[in-house]
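Reader: I would like to go through this entry feature by feature. Please give the idea behind each reading, then the case at hand.

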Amino acid sequence: MAPSPTGALHIGNARTALYNYLLARKTGGTYVLRIEDTARDRSRPEFEKTIFDGFHWLGIEWDEGPEIGGDFGPYRQSERLDLHRQWLEKLTDSGRVYRCFCSPDELADERKRAQAEKRPPRYSGKCRNLSKVEAQRRLDAGEEAAHRFRVEPRTVEYRDLVLGDVREDAGLWGDFVVCRSNGDPVYNFAVVVDDHTMEITDVVRGADHISNTFRQIVMYEALEMAPPRFGHLPLILNSKKQKLSKRDGTVSVEEFLAQGYLPEAVRNFIALLGWNPGDEREMFGLEDLVDEYSLDRVSSANPIYDIDKLDWFNGVYIRNMPVAELASRARPFVESAGLVVTSDGADYFEQAVALEQERVKKLSDFGDALAFFFADKVEPDMKFLVKKNGTAGETADALQRVLEVLEEHGVSDVEKSEELLRGLAEVLGWKAGELFMPIRVGITGSRATPPLFQTMRVLGKERVTKRLASAIYLLLNPESQTP
RNA sequence: GGCGCAUUCGUCUAGUGGCCAAGGACAUCGCCCUCUCAAGGCGAAGAUCGCGGGUUCGAAUCCCGCAUGCGCCGCCA
């Protein structure tokens with residue numbers, strides 16, 4: 001895997017990394033991470049960290065690479081320049097590479113003109129036939145020159161691990177730059193040298209690299225190297241069928257983490273984006289994926305990224321998680337929502353989490369879901385506090401009787417509470433729900449909550465009775481709420 | 001403009017010539033359960049398999065053309 005540290009780790013890179021990882025584990029191979037940082041102007045060390053963190057979060061670990069080393073280092077492309085130059089020399093000696101004195105401006109103009117005239121924008125070959133003597137003379141005169149690879153017309157073909165047999169006509173390319181005039185190798189050339197010298201056997205990357213691959217194959221041959229196997233994964237698209245970008249909502253691993261997605265859910269989701277096991281199973285842990293994964297079951301069409309399915313996966317993983325673990329994972333989200341969880345309130349917190357567990361899709365949902373458990377007081381909406389088709393006065397009377405019952409019997413026995421209050425509803429001649437809703441709204445401020453009596457038990461007698469009392473007061477003095 | 005790759009329900013997909021008048025999952029809708037919300041159960045709707053030609057007794061599956069989408073065509077990666 002060879003990411004560029006030029007931005008956040010987005011879902012496409014993550015998927016590529018995961019597929020690489022799975023392939024390596026499945027085949028008993030070595031998973032190598034190399035940082036592709038030859039774009040000096042865009043590469044930033046801080047992005048490296050973001051990317052590493054993202055991989056670690058997803059459980060994607062590498063056998064060789066930055067942070068851990070290995071026998072084929074260094075693992076940053078920018079630290080391998082000597083090697084690149086060494087192999088460049090070989091190309092120069094064999095005449096496959098020549099110096100090109102065309103300035104970037106000149107080339108840009110040429111390209112623009114070609115585009116305008118609807119011609120393929122390719123290098124004219126202006127410097128192609130400059131003699132070595134002439135080239136040296138200009139170099140000595142202080143002119144800058146890039147190295148260009150001399151392309152001979154032919155058909156290049158290879159068997160792609162995902163796409164099958166593919167081919168391209170090299171006669172259409174034009175000579176391409178392998179080394180900038182400042183001496184830095186260009187990515188496409190550096191990759192060839194690095195993959196070879198690092199003994200890479202399998203390269204799996206995004207489909208946007210397909211045309212690079214053809215050029216790389218030609219370079220491998222010119223350098224008398226055996227190319228690795230290549231596989232290209234179709235690009236993930238947004239709902240408008242365009243290449244996914246930052247503006248398409250939650251697309252980076254950082255954001256997934258921040259929004260309360262679980263790494264196991266994200267992993268499961270992206271694993272199934274373009275791959276399937278051949279049967280109808282959908283839930284896959286990392287180990288299962290390693291067992292089942294194969295590149296030839298990767299689809300060759302572009303998948304569209306749809307977050308609904310990820311939400312569903314996330315909910316499933318949340319529901320299946322032991323409460324204690326869920327509570328500790330949810331905690332940072334609850335705290336950042338401004339709720340204070342004291343250490344002696346850990347048990348209370350866990351019980352509250354347990355009640356919301358099957359109602360929550362993301363860890364960040366706990367902020368809202370748990371708010372009423374931690375609020376000093378709740379602010380019921382009069383509209384829902386009053387009994388349906390009833391009056392504030394009669395609701396207040398009813399809640400007063402509820403309060404008396406609970407004062408006497410407490411709230412710790414869920415079944416007992418239910419039995420008593422159902423009895424009360426009957427005495428009042430109300431349907432159970434007609435009584436329960438005002439209670440619910442009164443003690444939680446919400447119409448959607450976990451089952452009422454379990455909620456009361458967790459809240460405890462003190463909170464419940466206090467909130468009921470204020471609800472009654474509110475019913476009798478509706479003007480008191482008007483802010 | 002050239003070249004490459006792709007095209008099955010809204011989305012992810014199963015499907016490799018007869019088992020497909022196309023199966024599963026998410027989303028949607030309905031019913032059940034039920035003190036609300038979820039979860040769960042059951043069910044519905046949803047794809048003339050991009051279009052047009054061929055090959056074949058038979059095609060979503062093979063071939064050709066077209067259309068559309070995506071990618072690449074940088075001294076970016």
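Author: Start with contacts, bearing in mind that the model is predicted. Pro 438 touches Leu 385, Val 386, Lys 387, Thr 395, Ala 398 and Leu 399, with residues up to four places away in sequence not counted. Pro 438 is found in helix α19, residues 432-444.

Reader: Is Pro 438 buried or exposed?

Author: The test is a count of neighbours: a residue is buried if 20 or more other C-beta atoms lie within 10 Å of its own. Pro 438 has 27 other C-beta atoms within 10 Å, so Pro 438 is buried. For a distance across the model, take Pro 185, which is 253 residues from Pro 438 along the chain; their C-alpha atoms are separated by 72 Å.

Reader: What does α19 give to the surface near RNA strand B?

Author: Helix α19 gives the most to that surface, with five residues. In total, 69 residues surround RNA strand B, and the closest are Ser 4, Glu 36, Ala 39, Tyr 187 and Lys 243. Elements that each supply at least two residues of this surface include α4 (104-116), β4 (164-169), α6 (187-197) and α20 (452-459).

Reader: How many residues of the surface near RNA strand B are nonpolar, polar and charged?

Author: The surface near RNA strand B has 32 nonpolar, 17 polar and 20 charged residues.

Reader: Helix α7 also supplies residues to that surface. What should helix α7 span, and how far apart are its end C-alpha atoms?

Author: The check sets an expected span, at 1.5 Å a residue, against the distance between the ends. Helix α7 covers residues 210-222, and its 13 residues should span 18 Å; the end C-alpha atoms are 19 Å apart, which agrees.

Reader: Which residues of α7 are buried?

Author: Thr 213, Phe 214, Arg 215, Gln 216, Val 218, Met 219 and Ala 222 are the buried residues of α7.

Reader: What does the backbone do just after α7?

Author: Look at phi. Glu 224, just after α7, takes a positive phi of about 55°, and Glu 224 is a residue other than glycine. Its place is in the loop between α7 and β7 (229-233). Glu 224 has 8 other C-beta atoms within 10 Å and is therefore exposed, the limit for that class being 12 or fewer.

Lys 118 is another case: its phi is positive, about 60°, although Lys 118 is not a glycine. Lys 118 sits in the loop between α4 and α5 (132-140). With 6 other C-beta atoms within 10 Å, Lys 118 is exposed.

Reader: Which residues have the most contacts inside the largest nonpolar core?

Author: Leu 18, Val 266 and Leu 399 have the most contacts inside this core, which has 88 residues. Helix α1 (residues 11-27) gives the most to the core, with eight residues. Beyond its neighbours within four places in sequence, Leu 18 is in contact with Leu 58, Ile 60, Arg 267, Ile 270 and Ala 271. A second, separate core of 21 residues includes Leu 91, Cys 100, Phe 189 and Met 219.

Reader: How should the two faces of a strand be read?

Author: In a regular strand the side chains alternate between the two faces of the sheet. In strand β1 (residues 97-100) both faces are covered. Val 97 and Arg 99 are on one side, Tyr 98 and Cys 100 on the other, and all are buried. Strand β1 pairs with strand β2 (residues 146-149) in the antiparallel sense over four bridges, and Cys 100 stands opposite Ala 146 in β2.

Reader: How many residues of strand β3 are buried?

Author: Zero of its six residues; strand β3 (residues 155-160) is hardly covered. Strands β3 and β4 run antiparallel, joined by six bridges, and form a hairpin with three residues between them. In this pairing Glu 157 stands opposite Arg 167 in β4.

Reader: Where does Asn 302 lie, and what is it in contact with?

Author: Asn 302 lies in the loop between α10 (286-292) and α11. Leaving aside neighbours within four places in sequence, Asn 302 is in contact with Pro 234, Leu 235, Ile 236 and Leu 237. With 16 other C-beta atoms within 10 Å, Asn 302 is partly exposed.

Methods
Residues are numbered from 1 along each chain as its sequence is written. Chains are lettered from A and ligands numbered from 1 in the order in which they are written. This is a predicted model: local features need pLDDT of at least 70, side-chain atom pairs count only at pLDDT 80 or more; totals for chains, interfaces and linings use all residues. Two residues are in contact if their C-beta atoms, placed from the backbone, lie within 7 Å. The expected span of a helix is 1.5 Å times one less than its number of residues. A residue is near a molecule or strand if its C-beta atom, placed from the backbone, lies within 6 Å of it. Ala, Val, Leu, Ile, Met, Phe, Trp, Tyr, Cys and Pro count as nonpolar, Asp, Glu, Lys and Arg as charged, and the others, Gly among them, as polar. A nonpolar core is a set of buried Ala, Val, Leu, Ile, Met, Phe, Trp, Tyr and Cys residues joined through C-beta atoms within 7 Å. Two strands pair if DSSP finds at least two bridges between them.
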